[in-house]
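Got your viewer open? Then let's take a walk through this chain, one selection at a time.

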Amino acid sequence: MKKDVSASQLDTHLREMTAARVALGRSGSGVPTGASLAFALDHARAREAVWSDMDKTSLCEALVFWPLASVRSAAPDRSSYIRRPDLGRKLAPETDLSTLPKEGIVIVIADGLSAMAVNANAVKVVTHLQSLLPEPAGIVLAERGRVAIGDEIGAMVCAKAVVVLIGERPGLSSADSLGAYITWSPEPRLPDSRRNCISNIRDGGLAPEDAANRIATLLRRMEKAQISGVALAGSVAEQLLHKA
């Protein structure tokens, strides 16, 4: 009996430490009804996140203090966007970014695979990040956008760096996770090795304010080294070796 109590306490402790599906228990050859229903609910939330829409009205109202533009990718609808990732990396032909400042930092907010994540977290990240930057960054709302759409946007405004905040592929424990991809000297067709990524930005993950602090730190390092991605990580490691 003592062993059973100890195992139960261990299971409870494990469940408190993570949102992952651990220590679910058993009911015959399956899992308990509660665990089965929770799985079905989280699966439904993940599917809903993939098909969710960016709340542009609320985002525009919250971000009205900074230069703002709204664009769409070459994907004509959500179904095409999901089936054709390449279209989400390209801007629609009618794109106009004339309202944005040139040669600065540009923040791109893209719905990605979870507009739910953008609606919940993007404004918090942007608001705190803007307070940490030496000059306000222009902001672009990109519907049906993938990460690489930021490269084309950055090149169009001659940006020294682009920060893409995008809804990450939803998991079964987090449908509202936001990712940040930071690229120095953006231009079309850059490899992913030129980017630095911060992920799991959400309540229950990395707090939006902490994410903004990390993004600002990366931007300062990028400006000093004039590089980003794998090369930046190598540069930082080399500096630490020299100090040692």
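Start by selecting Val162 and Thr183: Thr183, in strand 5, is the bridge partner of Val162. This is a predicted model, where local features need pLDDT of at least 70 and side-chain atom pairs count only at pLDDT 80 or more, while totals for chains, interfaces and linings use all residues. Residues are numbered from 1 along each chain as its sequence is written, and side-chain values use heavy atoms, leaving out hydrogens and water.

Now show strand 4 (161-167) and strand 5 (178-184) in full. They run antiparallel, paired over seven bridges; two strands count as paired if DSSP finds at least two bridges between them. Helices (H or I, at least four residues) and strands (E, at least two) are DSSP runs, numbered from the N terminus. In general, strands of a sheet pair through backbone hydrogen bonds, either parallel or antiparallel.

Stay on Thr183 and look across to strand 6, where Arg195 stands opposite. Strands 5 and 6 are antiparallel too, with five bridges. Is strand 5 enclosed or open? Six of its seven residues are buried, so strand 5 is largely enclosed by the rest of the structure. Buried means under 20% relative accessible area, exposed means over 50%, and partly exposed lies in between (1.4 Å probe, protein chains only).

Next, pick Asn200 in strand 6. Its phi is near 60°, a positive value in a residue other than glycine. Most residues other than glycine have a negative phi. Asn200 is partly exposed, with a relative accessible area of 28%. For another positive phi near 60°, jump to Gln226, in the loop between helix 8 and helix 9 (230-243). Gln226 is partly exposed as well, at 49%.

Zoom out to the whole sheet. In what order do the six strands lie? They go 1-3-2-4-5-6 in an open sheet with mixed pairing. Strand 1 (68-72) and strand 6 (195-201) are the edges: each has a single partner strand, so one side of each has no neighbour in the sheet. Strand 2 (residues 105-110) is parallel to strand 4, over six bridges, and you can find Ile109 opposite Leu165 there. Add helix 7 (residues 149-156), which packs on the sheet and touches strands including 2 and 4; its direction makes about 145° with that of strand 2. Such axes are lines fitted to C-alpha atoms, for helices over the stretch in contact, and angles run from 0 to 180 degrees between N-to-C directions.

Time for the inside. Select Ile107, Ile109, Leu165, Ile182, Ile215 and Leu219: within the largest nonpolar core, of 36 residues, these touch the most other members. A nonpolar core is a set of buried Ala, Val, Leu, Ile, Met, Phe, Trp, Tyr and Cys residues joined through side-chain atoms within 4.5 Å. Helix 6 (115-132) and helix 8 (208-225) are among the elements giving two or more residues to this core. A second, separate core has 18 residues, including Val108 and Ala142.

Last stop: Phe65 and Trp66. Their ring centres are 5.9 Å apart and their planes stand at 75°, so the pair is edge-to-face. Rings of Phe, Tyr and Trp (its six-membered ring) pair if their centres lie within 6.5 Å; planes under 30 degrees apart count as stacked, over 60 as edge-to-face and the rest as tilted. Phe65 is exposed at 66%, whereas Trp66 is buried at 17%.

Technical notes
Contact = heavy atoms within 4.5 Å.
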